[in-house]
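Hi,

Here is the structure I said I would pass on. Have a look at it first, and then read on for what turned up.

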Amino acid sequence: MIKDQNVFISIDWLSLFCSGKVNSSSKYQFVETECSSRVFTKIFKVVRKNKPFAVVQAVPRGVILKPDALIVKFENSLLYEVDGMYIIQEFIEDLQWTVNNISRLDICGDFIGFENSLSVQKFIQRLMSHFYLFNNKCECHVYFTSDYQNSYNGLTIGKRSSPVHTILYNKTKEMAEVKTKAHIVELWQKVGLVCDKDVYRIEFRMNSDYTSKVQGLGTESKKMDYKDLASYEFVKRIWYSLFLEKFNVKINDNQQNKTRMKNLELLKVDCC
C-alpha cells in the first residue's frame with residue numbers, strides 16, 4: 001500500500017496469463033481441488049510456507065489455448081505485503097513460467113473524503129441532481145440504501161466487461177457486511193488512515209484488453225509488464241491517470257459547452 005497525500009494506493013487483485021507446467025517443489029505445493037472452470041479442467045491451490053499463496057487454473061478445455069496455458073491469481077494478503085511483488089516474481093522465475101499478459105489487475109485508492117470537506121455522499125447527491133456532471137459520456141450505476149434520506153453507498157462507471165471497470169464504494173461498510181480483511185485494516189492504521197471513520201475506495205479493475213495494449217503513462221509509453229508493478233511510481237501513475245480520466249467532473253453552470261465549465265477538484269494530483 002502506498003501513502004500519497006490523503007489517498008492510500010494499493011494493488012488488490014492480480015492474475016496472470018502464463019505458459020508453463022504445474023510442478024510442486026520444496027518451496028511451493030500445488031494441491032489439486034475437485035473444482036474446474038469454464039475454460040480450464042483443473043484448479044490447484046498453491047501453498048507457500050504453509051500459507052495460501054495463489055490459485056492456478058490449468059489444462060485448458062478445447063484447442064483454442066495451448067496445452068501449457070495457465071492462469072494464476074495471487075492471494076489478496078500477499079499483494080499488500082511490502083515485498084509481495086518481488087515474491088511473485090521469484091515464484092514465476094523459480095517455476096520457469098512465461099508471463100503472456102496480465103489477465104486482471106485491480107488498483108485502488110482508499111480515502112476518507114474528497115477535497116474541501118466534500119463527502120462521497122454529497123458528491124453523488126450532486127451528481128444525481130445535475131449540479132455536477134461527468135465531462136465524458138459514460139454508463140453509470142448508483143447504489144443507495146432506501147432509508148429516510150436515500151443514503152448513497154457508491155457508484156460504478158462502465159460495464160463489467162469494459163477494459164476498465166471503475167467502482168467507488170464504502171470499503172468499511174463492504175468489509176463489515178462481507179468479510180473483514182485484517183491485513184487491510186492493519187495497513188490503514190500503519191499509514192495513518194483514521195479507522196473510526198468510513199473509508200471509501202476508488203477501484204479500477206483492468207482486464208487484458210487494457211493491460212495488453214501500450215499504455216501512455218506520463219512521458220513514458222510501454223506495454224504493461226507485471227514486473228513494473230513492484231515500482232511505487234508506476235502503480236501510482238496508473239491509478240492517478242485513470243482517476244483523471246474517469247473522474248473528470250464539471251460544475252454545472254448551465255453553459256451549452258460542457259468543456260468550458262469549471263473543473264471540480266476531487267483529490268489533489270501531483271503526477272501524470
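Before the rings, one cut-off: a residue is called buried if its relative accessible area is under 20%, exposed if that is over 50%, and partly exposed in between. Please also keep in mind that this is a predicted model.

With that in hand, Phe-111 is easy to place: its relative accessibility is 0%, so it counts as buried. Phe-114 has a relative accessible area of 5%, so it is buried too. These residues form an aromatic pair, Phe-111 with Phe-114, and the pair is tilted, with 5.0 Å from centre to centre and 35° between the planes.

Another pair joins Phe-144 and Tyr-152, and this one is edge-to-face, at 6.0 Å centre to centre and with 65° between the planes. Its partners fall into separate classes: Phe-144 is partly exposed because its relative accessibility is 44%, whereas Tyr-152 is buried because its value is 15%.

How many aromatic pairs are there by this rule? The count is 19. Ring pairs also link up into a cluster made of Tyr-28, Phe-30, Phe-44, Phe-53, Phe-74, Phe-91 and Trp-97.

Trp-13 deserves a look as well. Lys-73 lies over the face of Trp-13, 4.5 Å from the ring centre. Arg-104 also has its charged end over the Trp-13 ring, at 3.7 Å from the centre.

Now to the pockets. The second largest pocket holds about 380 Å³ of space. It is lined by 14 residues, and those closest to its centre are Lys-51, Pro-52, Glu-75, Ser-77 and Glu-81. Which elements each supply at least two residues of that lining? They are strand 5 (51-60) and helix 1 (76-79). By type, the lining of this pocket splits into seven charged, four nonpolar and three polar residues.

Last, a couple of backbone oddities. Most residues other than glycine have a negative phi. Val-59, which is not a glycine, has a positive phi of about 60°. Val-59 sits in strand 5, and its relative accessible area of 36% makes it partly exposed. Asn-116 also has a positive phi, near 60°. Asn-116 is in the loop between strand 7 (98-111) and helix 3 (120-128), and with a relative accessible area of 72% it is exposed.

Cheers

Conventions. Residues are numbered from 1 along each chain as its sequence is written. This is a predicted model: local features need pLDDT of at least 70, side-chain atom pairs count only at pLDDT 80 or more; totals for chains, interfaces and linings use all residues. Side-chain values use heavy atoms; hydrogens and water are left out. Rings of Phe, Tyr and Trp (its six-membered ring) pair if their centres lie within 6.5 Å; planes under 30 degrees apart count as stacked, over 60 as edge-to-face and the rest as tilted. Buried means under 20% relative accessible area, exposed over 50%, partly exposed in between (1.4 Å probe, protein chains only). A charge sits over a ring if NZ of Lys or CZ of Arg is within 6 Å of the ring centre and within 35 degrees of the ring normal. On a 1 Å grid over the protein atoms alone, a cavity is a set of points where a 1.4 Å probe fits but cannot get out, and a pocket is an open set with protein on both sides within 12 Å along at least five of seven lines; lining residues have an atom within 4 Å of a point. Grid points are joined across faces, edges and corners, and a volume is the space filled by probe spheres set on the points. Helices (H or I, at least four residues) and strands (E, at least two) are DSSP runs, numbered from the N terminus. Ala, Val, Leu, Ile, Met, Phe, Trp, Tyr, Cys and Pro count as nonpolar, Asp, Glu, Lys and Arg as charged, and the others, Gly among them, as polar.
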